[in-house]
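Okay, thanks for coming, everyone. I'll put the structure up and then talk you through one helix and some ring pairs.

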Amino acid sequence: MQEAKSLKKVLPKYTVLVVSISSPLLLGVYRDALLVETIESSEKTSDVLLKLLMEIFQKYDAKHLLYVSGPGSYMAIKLTYITLRSLEITKGITFDACDAFSLNNNNPIKAMGKLYFIKENNTIITKKIDEAVEQRFELPSMLSEVTILNDNKPMYILPAV
């Protein structure tokens, strides 16, 4: 019994980071907080997220998930939250939320029309930008580069219309 307890301590910890707020959908598998696999899909989050997560769970013993809770595509945020919450309830896999701005070098994030979400002094606001801003999110090489939020609920910030 004592050997089994000490054996568990040396097993790697796997975490999956889900970035579903823009296309392409990105999933990163982290072993002991270091990126070991990247999965990218241009399919709709609703069509592919659960399938990709199930494939990851067959390959890795992931017990923790992390997702971008916003701002970004409200539908993708809702769908991702519901999927992860369901996995938490049915399989005991915990999840946390992270800040989208920590995955795009603090660049503006598309809201609607010419409105973009901007992070200024730790406050998220909307601002009109006439020129289109490239929406590029990247998986960091280490999870220590990601800002984990205190709450894993979706971040719904509605721009003024």
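Quick term before we start: when I say exposed, I mean over 50% relative accessible area, and buried is under 20%. Also, keep in mind that this is a predicted model.

So, helix α3. It runs over residues 74–91, which is 18 residues, and from first C-alpha to last it reaches 25 Å, close to the 26 Å expected. Which residues sit on the side turned away from the buried one? Those are the exposed residues Met75, Ile82, Ile89 and Thr90.

Now flip to the buried ones: Ala76, Ile77, Thr80, Tyr81, Thr83, Leu84 and Leu87. Look down the axis of α3 and these buried residues fall within an arc of 165°, so they line one face of the helix. What covers them? The cover includes β1, α2, β4 and β5. Just after α3 you get glycine 92, with a positive phi of about 70°.

On to the rings. The structure has four aromatic pairs. In one of them, tyrosine 14 and tyrosine 60 have ring centres 5.0 Å apart and planes at 50°, so that pair is tilted. Tyrosine 14 is in strand β1 and tyrosine 60 is in the loop between α2 and β4, so the pair ties together parts 46 residues apart in sequence. Both tyrosines, 14 and 60, are buried.

Another tilted pair is tyrosine 67 with phenylalanine 95, at 5.9 Å centre to centre and 55° between the planes. That one links β4 to β5, with the two residues 28 apart. And back to our helix: ring pairs link Tyr67, Tyr81 and Phe95 into a cluster, and Tyr81 is one of the buried residues of α3.

Technical notes
Residues are numbered from 1 along each chain as its sequence is written. This is a predicted model: local features need pLDDT of at least 70, side-chain atom pairs count only at pLDDT 80 or more; totals for chains, interfaces and linings use all residues. Side-chain values use heavy atoms; hydrogens and water are left out. Helices (H or I, at least four residues) and strands (E, at least two) are DSSP runs, numbered from the N terminus. The expected span of a helix is 1.5 Å times one less than its number of residues. Buried means under 20% relative accessible area, exposed over 50%, partly exposed in between (1.4 Å probe, protein chains only). The arc is that of the directions from the helix axis to the C-beta atoms. Contact means heavy atoms within 4.5 Å. Rings of Phe, Tyr and Trp (its six-membered ring) pair if their centres lie within 6.5 Å; planes under 30 degrees apart count as stacked, over 60 as edge-to-face and the rest as tilted.
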